[in-house]
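Got the viewer open and a hand on the selection box? Here is a tour, stop by stop, with what to pick and what you will find there.

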Amino acid sequence: MPKRLPTLLVIILLLLPVSVGARSLVNVSLGFGATYAPQEDQEFDLGLQDPDNWLVGGELSARLAFVQANAMVLPIECETSSGVLMLGMGSLSLPVIGSLVSLEVGGGVGVTYVPSKADSPRSYYELADKTQADASQMSFTDAVRESPMYLQVGLGSELGPFGVKIRYLMESQATLGSVIKDNAWWGVFDLKKQSLSLALALKMF
């Protein structure tokens, strides 16, 4: 019996989250939320009352077992016009207490796109170094390579068809292109800007 005790303890620990609240194997949800993104030169907790630091957007999330993908779209103000920040994130979603609490850890890339308007017929990508690349001359794939990478740490909860996610997003100095070129993945941890995101989601299937 003493020899079997470690095995029994492992089985109990694995089954405990299931007994508290099992979550489905597949989850595809559509949501919306608010993101607090202070300026780089501003203390993180000092810009809460500034409406310009708050972004409201939507997201699509898909999870298969422990692997999760998120696509977020946030309207933002660029130097010369209004644009959208498109975040593509991949993460691990690890259940802590069944479906009640999950730990989400991952990363991705954020592409800033400024569409053409009546007073500005030129559409462009704003890259990591703040240069403006004409969208007619740069492909979306190249824009992804030259846009900043992001890291995320967050908590998620699934309550029936509804979900709540809170994430701490960190913008990196590195781009996907620079990481591949220099073969230096640790450059992703050279961070320059943080933001906090809260989203509500509705499970589609």
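Start with the largest cavity and colour strand β9 (162–175): β9 gives the largest share of the cavity lining, four residues. A cavity here is a set of points on a 1 Å grid over the protein atoms alone where a 1.4 Å probe fits but cannot get out, and lining residues have an atom within 4 Å of a point. Now select N27, S29, E158, G163 and K165, which lie nearest the centre among the 16 lining residues. Besides β9, the elements that give two or more residues to this lining are β1 (26–36), β2, β8 and β10. The volume comes to about 120 Å³, where a volume is the space filled by probe spheres set on the points, and points are joined across faces, edges and corners. The structure holds three cavities of 30 Å³ or more.

A word on ground rules before you go further. This is a predicted model, with residues numbered from 1 along each chain as its sequence is written. Local features need pLDDT of at least 70 and side-chain atom pairs count only at pLDDT 80 or more, while totals for chains, interfaces and linings use all residues; side-chain values use heavy atoms, with hydrogens and water left out.

**Zoom out: the whole chain**

Switch to cartoon and you should find three helices and 10 strands. Helices (H or I, at least four residues) and strands (E, at least two) are DSSP runs, numbered from the N terminus. Walking from the N terminus, the order is α-β-β-β-β-β-β-β-α-β-β-α-β. Of the 205 residues, 40% count as buried; buried means under 20% relative accessible area, exposed over 50%, and partly exposed in between (1.4 Å probe, protein chains only). Turn on contacts (heavy atoms within 4.5 Å): of those with a separation of 6 or more, 56% are between residues 24 or more positions apart.

**Salt bridges**

Stay with E158 from the cavity lining and add R63. Their side chains meet in a salt bridge at 3.2 Å, N to O; the term means a side-chain nitrogen of Lys or Arg within 4 Å of a carboxyl oxygen of Asp or Glu. E158 sits in strand β8 (residues 148–159) and R63 in strand β2 (residues 54–64), 95 residues apart. Buried or exposed, E158 and R63? Both are buried.

Next, pick K192 and E171, another salt bridge, at 3.4 Å, N to O. This one links strand β10 (residues 191–203), home of K192, with strand β9, home of E171, 21 residues apart. Both of these residues are buried too. Now select E59, E104, K165 and R167: salt bridges that share partners join them into one network.

For a contrast in exposure, go to D134 and R122, whose closest N and O atoms are 3.6 Å apart. D134 is in strand β7 (residues 132–134), and R122 is in the loop between β5 (101–114) and β6 (124–126). D134 counts as partly exposed because its relative accessibility is 22%, and R122 counts as partly exposed at 32%. The full count is seven salt bridges.

**Two nonpolar cores**

Show side chains and centre on Y125 and M138, which touch the most other members of the 14-residue largest nonpolar core. Such a core is a set of buried Ala, Val, Leu, Ile, Met, Phe, Trp, Tyr and Cys residues joined through side-chain atoms within 4.5 Å. The elements giving two or more residues to it are β5, β8 and β9. Leaving aside neighbours within four places in sequence, the contacts of Y125 include V111, Y113, F140 and A143, along with M138. Apart from this core lies another, of 13 residues, among them L74, C78, Y150 and L169.

**The largest pocket**

Select Q39, I76, E77, K130 and K193, which lie nearest the centre of the largest pocket, among 32 lining residues. A pocket is an open set of points with protein on both sides within 12 Å along at least five of seven lines. Its volume is about 710 Å³. Strands β2, β3 (67–77), β4 (82–97), β5, β8, β9 and β10 each supply at least two lining residues.

**Last stop: F205**

Finish in the segment after β10, where F205 is found. F205 counts as exposed because its relative accessibility is 59%. Leaving aside neighbours within four places in sequence, F205 is in contact with V26, N27 and V28. F205 and V26 are 179 residues apart in sequence but 7.6 Å apart in space, C-alpha to C-alpha. N27 takes you back to where you began, in the lining of the largest cavity.
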